[in-house]
Amino acid sequence: MIGGIFDRYWTAKIAVRFVVIVSIIPAILQLENLRRLLSEVQKSSDAMLLLVRLIVALIPEHLSDAVPVALMLASAMAVRQMVLRGEWQIAAAAGMSRLRIMAVPLAFAALVAGAQFVVGFELRPAGERTLDTIYREMQTGEHGLPLPLGEPIELDASTTLFVGGLGSGRERRLEEVVVRRGEDSFSAPRADIGFSPDGGVRLRLRDGVGVIRAEGDQVRAVRFERMDFSGKPAGIGMVDEDPMHRFDRLSTADLIAKMRNGPPLDRQSALTVLVMRMDSVLFCLLIPWFAIPLGKPPRRKESAAGILASIVLVVLHLKLAASIETHFAAQILLAEALHLCLWIAAAAMLIHLEQVHGEGVVDQLANRLGATLQRLRKRHRAASSTIHAEAVHAEPLHADGRGSPGPRIGAFWMAQLDEADNRRRRRQSASARPEVAVPLSAAL
């Protein structure tokens with residue numbers, strides 16, 4: 001009976017914390033990206049609609065990053081509260097083994113790993129494709145002309161465009177346009193503009209005037225009915241065409257097809273993406289083995305060092321996985337196997353340390369390290385004070401009277417001064433002695 005009650009209670013504690021944390025982290029990440037997103041859509045005619053679409057498309061990516069952190073913190077914080085309240089000890093005293101107590105967090109981790117599989121293998125690639133679609137729409141001018149007004153726009157290395165205004169409505173028309181190519185300038189009251197999917201711009205000036213520098217220093221003005229220019233300015237929100245990003249957009253079925261029928265380089269890239277997606281899923285299964293030892297505080301003490309260490313472990317895993325994907329793509333299977341073995345060994349070592357040194361081993365190590373650093377700091381301060389005091393006592397007496405003599409030098413000079421003072425008093429007493437009167441008869 002206690003098993004059923006304990007399991008439900010255990011599940012509720014982890015689930016509530018997981019839902020709260022997995023909701024907060026994407027919100028924080030969205031707020032962090034909000035300024036960048038606003039700068040990308042501010043020149044569009046449908047700015048608010050585009051902003052909402054971008055935020056929704058980014059949710060799978062943020063969820064994929066938030067799930068391991070939320071699972072680690074939810075499990076560790078639930079264990080910590082149960083230990084502080086004595087509920088963990090009650091379950092152990094009732095005869096439940098360690099593995100039986102961990103059945104709930106392990107089962108919850110399996111459910112979260114399944115959710116991470118869906119997010120990482122399907123939802124996140126779909127979000128990436130949605131982002132690319134939105135940016136291409138902005139790039140091709142479907143939501144207004146993505147050109148800054150009154151600022152130079154480089155069409156190519158020798159051509160610069162200045163735009164004074166935009167046409168009304170949804171017309172792709174520019175007003176008060178000036179194009180400078182080399183030393184020649186062309187201006188027109190209006191111009192038509194078109195965009196290509198690769199970010200190119202086609203510009204047609206109408207009924208304008210050109211100022212062309214002829215041979216020598218002569219300048220010639222010409223009128224034209226239309227004049228075309230083209231180029232590829234640096235667009236906002238450009239779609240990243242990096243090879244790995246292209247594979248990040250693909251669904252699982254597309255990646256498998258690339259592995260079967262693609263060229264060797266595409267096969268390797270597709271395998272790398274699949275392996276790294278699976279790495280995040282497998283790490284979720286290992287999280288309870290870290291969270292439970294790290295969540296337990298030391299006996300009769302309260303410390304948050306274990307909770308902090310759990311967050312550091314998740315961040316470290318993300319950094320190592322990104323490094324493996326970047327630098328070891330050619331040996332991805334071997335690198336991933338070593339990576340997982342490293343984390344399994346780390347979990348086994350943490351459990352062994354807890355069995356040897358007791359609960360809250362990480363907190364105990366942190367407290368000992370802090371106490372050691374504090375003692376070293378006190379010793380350093382005491383040594384510095386002693387050295388300073390010795391330097392003050394050993395300072396020699398300068399010729400001009402500055403400084404403080406040490407003990408031996410001071411005693412010597414004091415003796416010399418006392419002797420000189422005694423000699424001076426003897427001379428004074430001798431000179432002040434009265435003269436004896438001699439009778440005249442005796443003198444004769």
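Ring pairs link F6, W10 and W88 into a cluster, and that is a friendly place to start looking around this predicted model. Let us follow the aromatic rings first, then the core, then the helices.

**Aromatic pairs**

How many aromatic pairs does a search of the whole structure find? The search finds eight. A pair of aromatic rings is described by the distance of the centres and the angle of the planes. Two of the pairs share the residue W343, as the table shows.

| Pair | Centre to centre | Angle between planes | Kind |
|---|---|---|---|
| F283 and W343 | 5.4 Å | 70° | edge-to-face |
| F290 and W343 | 5.9 Å | 80° | edge-to-face |

Why is the pair of F283 and W343 edge-to-face? Planes over 60 degrees apart count as edge-to-face, and the planes of F283 and W343 stand at 70°, so this pair belongs to that class.

Both pairs link distant parts of the chain. F283 sits in helix α8 (residues 264-295) and W343 in helix α10 (residues 332-357), with their positions 60 residues apart along the chain. F290 also belongs to helix α8, and it is 53 residues apart from W343 in helix α10. Are these rings buried or exposed? F283 and W343 are buried, and F290 is buried as well.

**The nonpolar core**

Now look for the largest nonpolar core, which has 53 residues. Which of them touch the most other members? They are W10, F18, L71, W88 and F290. You have met some of these names already: W10 and W88 belong to the ring cluster, while F290 pairs with W343.

Several helices give two or more residues to this core: α1 (2-41), α2, α3 (87-93), α5, α8, α9 (305-327), α10 and α11 (361-393). The largest share, 13 residues, comes from α2.

**Two helices side by side**

Helix α2 (residues 47-85) also has a partner to look at: its axis and that of helix α5 (residues 103-139) come within 8 Å and cross at roughly 155°. Angles over 145 degrees count as roughly antiparallel, and α2 and α5 are therefore roughly antiparallel to each other. The crossing of α2 past α5 is left-handed. Sorted by class, the contact of these two helices has 18 nonpolar, four polar and six charged residues.

**An exposed residue**

Finally, find A253 in helix α7 (residues 252-261). Is A253 buried or exposed? Its relative accessible area is 55%, so A253 is exposed. The C-alpha atoms of A253 and E122 are separated by 9.5 Å, and the two residues are 131 residues apart along the chain.

Notes
Residues are numbered from 1 along each chain as its sequence is written. This is a predicted model: local features need pLDDT of at least 70, side-chain atom pairs count only at pLDDT 80 or more; totals for chains, interfaces and linings use all residues. Side-chain values use heavy atoms; hydrogens and water are left out. Axes are lines fitted to C-alpha atoms, for helices over the stretch in contact, and angles run from 0 to 180 degrees between N-to-C directions. Helices (H or I, at least four residues) and strands (E, at least two) are DSSP runs, numbered from the N terminus. Angles under 35 degrees count as roughly parallel, over 145 as roughly antiparallel, 65 to 115 as roughly perpendicular and the rest as oblique. A crossing is left-handed if the near helix is turned anticlockwise from the far one by less than a right angle, and right-handed if clockwise. Ala, Val, Leu, Ile, Met, Phe, Trp, Tyr, Cys and Pro count as nonpolar, Asp, Glu, Lys and Arg as charged, and the others, Gly among them, as polar. Rings of Phe, Tyr and Trp (its six-membered ring) pair if their centres lie within 6.5 Å; planes under 30 degrees apart count as stacked, over 60 as edge-to-face and the rest as tilted. Buried means under 20% relative accessible area, exposed over 50%, partly exposed in between (1.4 Å probe, protein chains only). A nonpolar core is a set of buried Ala, Val, Leu, Ile, Met, Phe, Trp, Tyr and Cys residues joined through side-chain atoms within 4.5 Å.
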